[in-house]
Amino acid sequence: MNLKHFFKYYKPHKRLFIVDFTSAVIVAILELAFPVAVQYFIDELLPSGEWSTIVTVSILLLAVFLLSTFLQYVVSFLGHKLGINIETDMREELFTHVQRQSFRFFDNIKTGHIMSRITNDLFDIGELAHHGPEDFFIAIMTFFGAFGIMFWINPKLALVTLIVVPFLIWLITYCNIKMNSAWSNMYGKIADVNGRVEDSVSGARVVQSFTNEEFEINRFKKDNGSFRLAKLVAYKVMAATHSSIYMMTRLLTLIVLVYGAWLNYQGELSYGELVSFVLFLNVLIKPIDKISALLELYPKGMAGFSRFRELIDQDPDIVDKKGAKPITGLQGNITFDNVHFGYDEHKKVLNGIDLNLRAGETIAFVGPSGAGKTTICSLIPRFYDIQQGSIAIDGIDIRDMTKHSLRSHIGIVQQDVFLFTGTIRENIAYGRQGASDEEILAAARKAHLEDFVNKLPEGYETQIGERGLKLSGGQKQRLAIARMFLKNPPILILDEATSALDTETERVIQLALSELAENRTTLIIAHRLATIRDADRVIVVTEDGIAEQGGYSELLEHDGIFANLHRIQFQQ
Ligand code: ADP
Ligand code: MG
């Protein structure tokens with residue numbers, strides 16, 4: 001059940017909760033005691049005329065006020081601290097969980113969804129975690145406590161109050177429902193505004209190249225206007241709520257005053273009791289307000305919690321199996337034995353692939369786009385699990401190794417290099433955590449990145465911008481190669497690593513890449529055949545599987561698919 005899971009998150013903060021809750025209970029009791037004290041003051045102390053007692057009681061009251069003030073501070077601060085702690089725990093759990101997910105998970109989820117769960121949803125949950133149990137119990141306690149005492153003072157007057165209370169509850173609840181829908185409408189609109197900003201900022205280059213700035217501004221104005229309207233409505237509802245609740249409570253006060261005056265005239269109610277009653281009315285309003293606020297907070301927080309659980313409950317589908325061993329020192333002999341695989345079980349991409357790659361060999365994969373070359377390569381690091389057959393490295397099935405040790409033996413350089421916001425040094429160092437400065441410099445040198453970096457005023461400390469925006473395609477690729485030199489894996493996968501580059505840049509990168517490929521089992525997926533001349537073997541992949549394999553010139557002589565591809569490319 002959701003609620004049971006929810007309370008699990010209190011466990012690490014049990015002490016905080018107990019201190020917060022106890023303080024809140026004491027505050028509530030003092031709140032209830034105040035009108036009674038005033039009544040005693042008016043009815044007993046004043047007529048007695050004993051000034052020394054009056055002074056003593058006043059000092060006592062002052063002490064109680066100070067205690068109450070301090071405790072209210074404690075409740076407010078510790079309560080929110082509890083909420084933030086729980087929120088932080090959940091956020092960390094979610095992030096950790098997402099880090100452990102497999103490619104399949106990321107294939108199917110929108111970044112924005114994870115973002116909104118990690119921020120908005122968790123804000124709501126944190127608020128509920130804090131206000132939920134505390135406010136609920138305290139409100140129930142003060143409400144019934146106040147009524148109990150009012151009945152004890154004067155049952156008739158208490159009954160009159162009781163008649164009005166349902167209306168008050170109805171009014172506050174009704175207003176809260178209205179507010180709730182107004183706020184959620186506003187949240188929807190702000191999400192639209194955020195989406196617009198995100199889109200046109202990350203797409204700023206496209207916007208400008210189409211000179212669509214005016215169009216973007218107008219679109220934004222529209223959404224911003226809707227947001228303004230929604231927020232205005234929310235504030236209007238809020239203003240109406242506050243004033244109508246004010247009116248109702250004053251009305252109730254008036255009724256109590258008039259009827260109380262009558263009872264006083266009849267000799268059934270003392271002055272002190274009347275004052276105490278009026279004071280109790282204020283005590284009574286608070287819990288009603290709190291409960292109805294909870295009625296709003298609860299569904300919001302719980303909805304957020306369900307969405308949070310939805311993600312947390314998705315078990316990562318690629319995990320170490322029991323007894324998986326951490327492997328070191330793999331040579332890089334890769335075998336595919338009758339491998340069947342499809343991203344979707346019903347739509348196979350690979351149908352019984354057999355492959356045998358020897359350690360140190362350079363193997364080129366060519367073939368039409370969509371044939372499954374990238375897929376074959378992403379099965380080796382176990383980014384996806386195969387449905388049938390087996391993949392082994394040095395004779396060990398990859399499912400018998402820990403994911404971490406398997407992947408530490410494999411390096412991948414792709415067409416679109418992903419770099420992180422930060423410096424050149426940080427991005428190279430990403431290849432191996434804890435690498436020394438010398439190692440980083442050596443890696444940069446091997447990747448032919450050194451000359452470029454040395455010309456920069458800030459050298460290795462140069463910020464490369466979001467996703468390496470300030471670097472050219474060739475520079476990014478060289479950074480990726482440096483990162484790979486640092487990782488130094490025995491198995492290397494180059495997936496169209498140079499396809500996006502112009503021929504001139506490609507030649508330079510090619511040099512760095514062939515140095516990187518030395519002494520490693522290297523799988524090259526290449527579009528331009530000129531880049532794979534030196535491969536030990538060429539494998540032609542088509543939608544029907546492996547169609548041809550052999551040496552470059554061997555395949556040309558064979559005069560099949562490869563020879564045909566070759567002819568088309570070199571005619572151009
Ligand atoms: P290649 O690298 O040879 O161009 P891929 O291995 O990328 O081909 O793709 C092979 C097939 O698998 C294609 O039909 C493609 O649409 C599909 N495919 C690739 N990646 C995914 C994915 N993450 N989810 C679903 N289908 C995919
Ligand atoms: Mg591909």
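Residues 18–300, which UniProt lists in an unreviewed entry as "domain: ABC transmembrane type-1", are 94% helix and 0% strand in this predicted model, and their end C-alpha atoms lie 25 Å apart. Helices here are DSSP runs of H or I with at least four residues and strands are runs of E with at least two, numbered from the N terminus, while UniProt positions follow the numbering used here, with shortened feature names and annotations that may be inferred rather than shown by experiment. The model is predicted, with local features needing pLDDT of at least 70 and side-chain atom pairs counting only at pLDDT 80 or more, whereas totals for chains, interfaces and linings use all residues. Residues are numbered from 1 along each chain as its sequence is written, chains are lettered from A and ligands numbered from 1 in the order in which they are written, and side-chain values use heavy atoms, leaving out hydrogens and water.

The unreviewed UniProt entry also gives "transmembrane region" for several spans, including residues 136–153 and 159–177, and gives "domain: ABC transporter" for residues 334–568.

| Residues | Helix | Strand | Distance between end C-alpha atoms |
|---|---|---|---|
| 136–153 | 100% | 0% | 26 Å |
| 159–177 | 100% | 0% | 28 Å |
| 334–568 | 34% | 24% | 32 Å |

Helix α9 (residues 271–312) has 42 residues and should span 62 Å at 1.5 Å a residue, which agrees with the 60 Å between its end C-alpha atoms; the expected span is 1.5 Å times one less than the number of residues. In α9 a kink of about 25 degrees lies at Leu297, shortly before the proline Pro299, the bend being the angle between axes fitted to the seven residues ending at a residue and the seven starting there.

Ligand 1 is surrounded by residues that include Asp107, Tyr343, Lys373 and Tyr384, a residue being near if one of its heavy atoms lies within 4 Å. Helix α10 (residues 373–379) contributes the largest share of this shell, 3 residues. Among the polar contacts (pairs of N or O atoms within 3.5 Å), a nitrogen atom of ligand 1 is 3.0 Å from an N or O atom in the side chain of Asp107, and an oxygen atom of ligand 1 lies 2.7 Å from a backbone N or O atom of Gly370. An oxygen atom of ligand 1 is also 2.6 Å from an N or O atom in the side chain of Thr374. Taken alone, ligand 1 exposes 560 Å², of which the protein buries 62%, by the Shrake-Rupley method with a 1.4 Å probe.

Terms used: A polar contact is a pair of N or O atoms within 3.5 Å; within protein, one must be able to donate a hydrogen and the other to accept it, and residues adjacent in sequence count only if both atoms are side-chain atoms.
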